Amino acid sequence: MNSENYYEIIQQKDHLIIIREKFDEIDPRYFTIYTNLYLIIGNNECLLIDTGCGLFPLKPVIDKLLNGKKLNVVNTHFHWDHIGANGEFDNIFIHKKERRLISRPLNLSFLKDAPNTILNRYTDINLILPPAKRITPLNGGEVFSLGGIDVEIIHNAGHSPGSISLYTDKGELFPGDLARYGMVLLPSKEYLAQVIDSLEILINLCNEKNLNELYPSHEEFNISKDILTDLSNHLKNIDDIWENRKPNEVNNAWTIEIDKFVLLINVGIKEREDFRKRLRLLK
Ligand SMILES: [Zn+2]
């Protein structure tokens, strides 16, 4: 296995290439099959959304797709599966709230118990990945004019404090990890309001700017904006489905399966005793 056959390259449109990683080959314990990186191609410049897990060199793969154009690299948020290859690029844009979180080497020692042998690649580097060489903070509201296509940054907290979404003036929205099918990583129940607020911001944005093609950072892409309303409705009605929760030991979280989602909800302080009790019952 090498960079060439590890990354799957999908030419979705003239101005959009999807670079896919098989997340479950790295660690199957996160209910996630794919990580999606996106390369938006303008007439003069390109923009790469996220750098993946850093398991195989990414930059040589991206360089081949640029045709000599200047590259901008943005992280949707600081989680390890989106920033792994940051150290290969000259500069990384990320929301200012997460700037410091990506300024240190990335320690992947929590993966050492993952059952897959592909991880031996990480062992060669002692499960440590180098950080970005330079980091430029974003506030939200910035526009990257790539030539013939504009990409705007939206600050969209909820999945993490500095999560961002991006949208183009060609009708595409990239919501990062805020909305995706499969596993949706969420804060504890009392903080779900922030996620709902962020989803509502995107729902309004889609209506206002006529966006109806969503490209999440995991799993299915080119999906309808309905995912935003569906997810928001489930979270608003969380009390109605709360009795379906199951304790998940690996992620220290509740899971609730509903429609095409697996909601993975952090265990709140008041729920800890209940969580431990339900875990014991499973054993
Ligand atoms: Zn992720």
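What span should the 18 residues of helix α6 (residues 192–209) have at 1.5 Å a residue, and how far apart are its end C-alpha atoms? In this predicted model, the expected span is 26 Å and the end C-alpha atoms are 26 Å apart, so the two values agree.

**Helix α6 and its surroundings**

The buried residues of α6 are Val195, Ser198, Leu199, Leu202, Leu205 and Cys206. Because they cover an arc of only 115° around the axis, they lie on the same side of α6. An α-helix has 3.6 residues a turn, so residues three or four places apart point the same way. On the face of α6 turned away from its buried side are the exposed residues Asn204, Asn207 and Glu208. The cover over the buried residues of α6 includes the strands β11, β12, β13 and β14 together with α7. After α6 comes Asn210, whose phi is positive, near 60°.

**Strands and their pairing**

Strand β6 (residues 92–95) directs Ile92 and Ile94 one way and Phe93 and His95 the other way, and all of these residues are buried. In a regular strand the side chains alternate between the two faces of the sheet. β6 pairs with strand β9 (residues 135–138) in the parallel sense, and Ile92 stands opposite Ile135 in β9.

β14, which is among the elements covering the buried residues of α6, also belongs to an open sheet of four strands in the order β14-β18-β17-β16, with mixed pairing. Its edge strands are β14 and β16 (246–248), each of which pairs on one side only. Direction ignored, neighbouring strands of this sheet are turned by 30° against each other on average. Within the sheet, β16 runs antiparallel to strand β17 (residues 253–258), where Trp254 is the bridge partner of Pro247.

The two strand pairs are set out below.

| Strand pair | Sense | Bridges | Opposed residues |
|---|---|---|---|
| β6 and β9 | parallel | four bridges | Ile92 and Ile135 |
| β16 and β17 | antiparallel | three bridges | Pro247 and Trp254 |

**The nonpolar core**

The largest nonpolar core has 66 residues, of which Tyr38, Leu39, Ile40, Leu47, Leu48, Ile49 and Leu166 touch the most other members. For Leu47, leaving aside its neighbours within four places in sequence, the contacts are Ile40, Asn72, Val74, Phe144, Leu146 and Val151. Ile40 thus appears among the contacts of Leu47 and is also one of the residues that touch the most other members of the core.

Terms used:
Residues numbered from 1 in each chain as written. Predicted model: local features only at pLDDT ≥ 70, side-chain atom pairs only at ≥ 80, totals over all residues. Buried ≥ 20, exposed ≤ 12 C-beta atoms within 10 Å, placed from the backbone. Helix = DSSP H or I, 4+ residues; strand = E, 2+ residues; numbered from the N terminus. Pairing = 2+ DSSP bridges. Expected span 1.5 Å × (residues − 1). Arc of directions from axis to C-beta. Contact = placed C-beta atoms within 7 Å. Axes fitted to C-alpha atoms, helices over the stretch in contact; angles between N-to-C directions. Core = buried A, V, L, I, M, F, W, Y, C linked by C-beta atoms within 7 Å.
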